[in-house]
Amino acid sequence: MLNRTPYLQFLAPRIGRVQQELNELIWQIDPQSLPVSQSPALHEHLTIARAAELDYTPVPHTPHHWGKMFEQCFWQLDLSGVDTQGKYLFWADQGEATAYDDQMPLFGFDPGHKYQPLPKNVTKLTIESICARTGIWVAGESQGITAQGSRFEGAFLATRNDTAWNMSHDLKVLLDLAVMLIERDTPADTPLGRGGFRKPFDDAEPLAKKIIVQLDKACEAFERGHLDQAASIVNYLMTELRGKGDDTVKLILTGHAHIDLVWLWPENAGEFKATHSFANALNLMDRYPEFFFGYSQPASYDALDKRTPKLMEAITEKVKAGKFEHAGATYVESDTQLSCGENLLRAFEVGQDNLMQRFGIDTSVLWIPDVFGYSACIPQLMAGFGVKYFYTTKQHWSSGTKFPFSSFKWLGHDGTEVLTHVSWRHYNMAALPEETRFYANQHRQAGVHNEALMPTGYGDGGGGASAEMLERARRMADLAGYPQMQWGRIDQFFDRMAEVRDELPTWRGEIYLEFHRGVQTSQSHLKHQFRRAERSLQTLEAAHALHGQGAIDIEPWKRLIFAQFHDYIPGSSIQRVYEETIPELREIADKALSDTSKTLEAEGDKCIFNPLPMPTTATVNDELVKLPALSGVKLDDAPRVTEKVFASETKLQSNRVAATFNSRGEITELIMDGKAIAINRPLGEVWSINDVPNIYDAWELERHTFSTGTHLTQDATIKVNGDGDTTAWISFTRKFAKTSTITVRYVLKGDSPILDIETDIDLQDPQILVKLAFPTDYQGKDAIYGAPFGATLRPQHPGPIATESMFEVPGSRWAVVSDDSQRDGLMVMTESRYGFGCLSGMMHVSLVRSPKVTPTRGDADTTSFGANKSMEVSDIGMHHVNLAIGHFTADAPREMNPAVLAETRFRETVTYTGKPITSPITGMEGGQSLIPTWIKPMDDGSMLLRLNETLGQRGQMQLKLAEGYKAVMTDLRGEPTGKASAELCVDYRPYMLTTVRISK
């Protein structure tokens, strides 16, 4: 009746509506449900090989609810007599599922993968399901599992209208391009809005106008019922625009399925997610030859070995073909701040060895997109295991300062350089048109390095990439208005980046994340058992080394490294994870200590063992016993501490330490080896702080929390014990919050240069943070914090937002505040506390917090995102937290280094009946900041001595050995890099990690 309107703003809404109508035509579902039988729901998951042993019952009617959260069940789907040619399976169940043909996974079902193509001539499928729905990254997905269990509505055949399918993707890519161009050039409401005033598109560039006009013609044909004609119009436009993509920034897509091994689910559910995500990846490789997929955690391969070995075999073949790429050098995506250095090092060693054993190759890429800050020692560890490249996305989460780079050279604190790429959005891209333009625009180094890496696929139960994503990527690959893009390998992306490395900017030191600061403290009992397990494996390895018994079993190491996963040790998973894992960590520690005694056991006398390459003091039968480094000593022959300590309600004093206390248990004067600690106000303030994060309860501490705390100023109940003995203590007990109690016990030992602090906290109040503060008068520019290897300097003076953002920071069990000279200060050591902070001379350490637990819910929109509606909080109950404080000077003897004291002060005593053991190390002369950290046994009977510089100094250290021993410098794996000699001179630089191999 009328000509087409020339006012294009009225056309765009019609196109958007037609897009929705078109999508409804794609899938036609046969209303007749297929015959299905179901096994019982299983709390303990079985392998697919065991599925045939189960009893199956036909599902009589639907809807049918089954299972409790995270339970597993199997289904038998009868396809005999069904023509599967060109058909798809629609599995209508809330839970996630994997379909198997003769124990081989074919594909997965989840919120991001609802229809899957059936193979020809298949007559029966086994479906493995878990009662969980966690496709939290899938747009619009909020449906979860209710208390009734997973809702199963049947299994159905479906057919796909390929004309509608193809036109839908064509239309999506073209319409979104037009919308992006219009919104860029015409600030207005969305062009797709269907009501109200429509702002003209007059200023939009011609390409957008052309697309709108042509798509409107296609919509007219569609509305007249001519789908083929409409599709032809759209396809013609696609063809006309193809080959004209913008090559200013090229996007390299890699198939991705970020899998949290534990988080909103326990470990067995994480294993299932790996299975069904990998099955999807292999399925897509067969359907889309251009597709590449990358994965990062060998721990998942170990799980596949048990659950579905046929899938692992298929993955191995795809690895050999170059299509399935392993891009993670560590065994899991490790938190990089909370592990001790050796534990983190072993994550690289075990990860790379796993890959070499499986595939005959390791990887050049460290892929950890979702951890909560990156320790400055990481580049050095990477280089030690042949890893050249690092990838992450997390840095764009920082809350105060914006990280400046996307492609750069990252220098560790020792100067080791690795190439790094940061993506400026999360790791669950869906190949949506607007994502591509955002990625291109956010690439900071586009003028030097014109490629950006774009991980594509839904993670954490979303099943990875989908056919829809690949269809969109095909269309956008070289289309006018879009950045050029292609699927590619991660390592090859970095290889090309390396060609311009000299032009890239440099970042030196740690990459601190201004977010998720509470993870240093959440789940106190977990962190205690984790650290105890580290110490116990250290003890067992030293015993093996001294007896020449070779390496210990790798399995406890794998489990301890598994605990490094970035939602495990940080304490941000659901409570069930910790109900399962804390006992496991305790068992690892108990068994390691028991095995140590067995290793040392023989006919002989009662002996005591020191596994550390440093002398220490232990308490045995209420006596203080001095132990030489790395040795077993006959208990009767061990020197005793005889110096006395005097105690009253206001003072502890020995010949080395004098501490004076006020009535609330704070230190008003502290003198150590004749040096008075510079105090601003009394040390040892206890603070009770209301801990109510805005979001992400288990992860987060907020800045406002620190300005609303309560300083405990009431008089304490005081007890004194041990006056005139070799050990004495004074304790101060007070109540805090509503119903909680804290006892702070100061313990002084006769020969000790430091003051031990034991706290017993009965935490009964939810959402409370307990801190111990030391307000000194040391005003150096930076405070020093322990790192897994070495240390990190962070500013402590108020003013810049970067400093203000560091109100809570990670420290690997020790921290120092000092004057700029680093010759006068206070050091704080902890057994298993990792949250510190320092501002204007006040050092503070977090003891325990009781945040809301990440809740176990099916509803994805209320788990950990937005308001946490859970009523459950963690860490209610008793906590025993050990600390120590001492005078710091950077030129102190090695045994007074805070990194040493954090090792020697908090150890369980190991006694045995047997022979004394003499250390092969007789002395270390010079290099007082070069710290021996670990003894690792080697299979040939030799041992590795790990040395780490901790205070930013350089120099030489002479390593002296017992007669008959020789030593040689090695790489981190223990391969010699020099010549062996009976005396070794070790040259070191700041924060350098050194390994020496000692043998007879």
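**Two cores and one open sheet**

The largest nonpolar core here has 149 residues. Phe278, Phe291 and Phe324 have the most contacts inside that core. Keep in mind that this is a predicted model.

Which element supplies the largest share of this core? Helix α2, residues 162-185, with 13 residues.

Now take Phe324. What does Phe324 touch, once its neighbours within four places in sequence are set aside? The aromatic contacts are Phe278, Phe293, Tyr295 and Tyr301. Then come Leu282, Met285, Ile315 and Val319. Lys318 is in contact with Phe324 as well. Note Phe278 in that list: Phe278 and Phe324 are both named among the residues with the most contacts in the core.

There is a second core, separate from this one, with 49 residues. Among them are Ile757, Leu772, Val809 and Ile885.

On to the sheet. It is open, with 4 strands in the order β48-β49-β53-β51. The pairing is antiparallel. Why do β48 and β51 each have one side without a neighbour in the sheet? They stand at the edges, β48 at 930-937 and β51 at 966-970, and each has a single partner strand, so one side of each is left without a neighbour. On average, neighbouring strands are turned by 25 degrees against each other, direction ignored.

Look at the β48 edge. Its partner is β49, residues 943-949, running antiparallel to β48 and joined by 7 bridges. Take Ile935: its bridge partner in β49 is Leu945.

Last, what packs on this sheet? Helix α8, residues 341-359. Helix α8 touches β48, β49 and β53, the last at 993-999. The direction of α8 makes about 50 degrees with that of β48.

Conventions
Residues numbered from 1 in each chain as written. Predicted model: local features only at pLDDT ≥ 70, side-chain atom pairs only at ≥ 80, totals over all residues. Heavy atoms only, no water. Pairing = 2+ DSSP bridges. Helix = DSSP H or I, 4+ residues; strand = E, 2+ residues; numbered from the N terminus. Axes fitted to C-alpha atoms, helices over the stretch in contact; angles between N-to-C directions. Contact = heavy atoms within 4.5 Å. Core = buried A, V, L, I, M, F, W, Y, C linked by side-chain atoms within 4.5 Å. Buried < 20%, exposed > 50% of the residue type's maximum accessible area, 1.4 Å probe, protein only.
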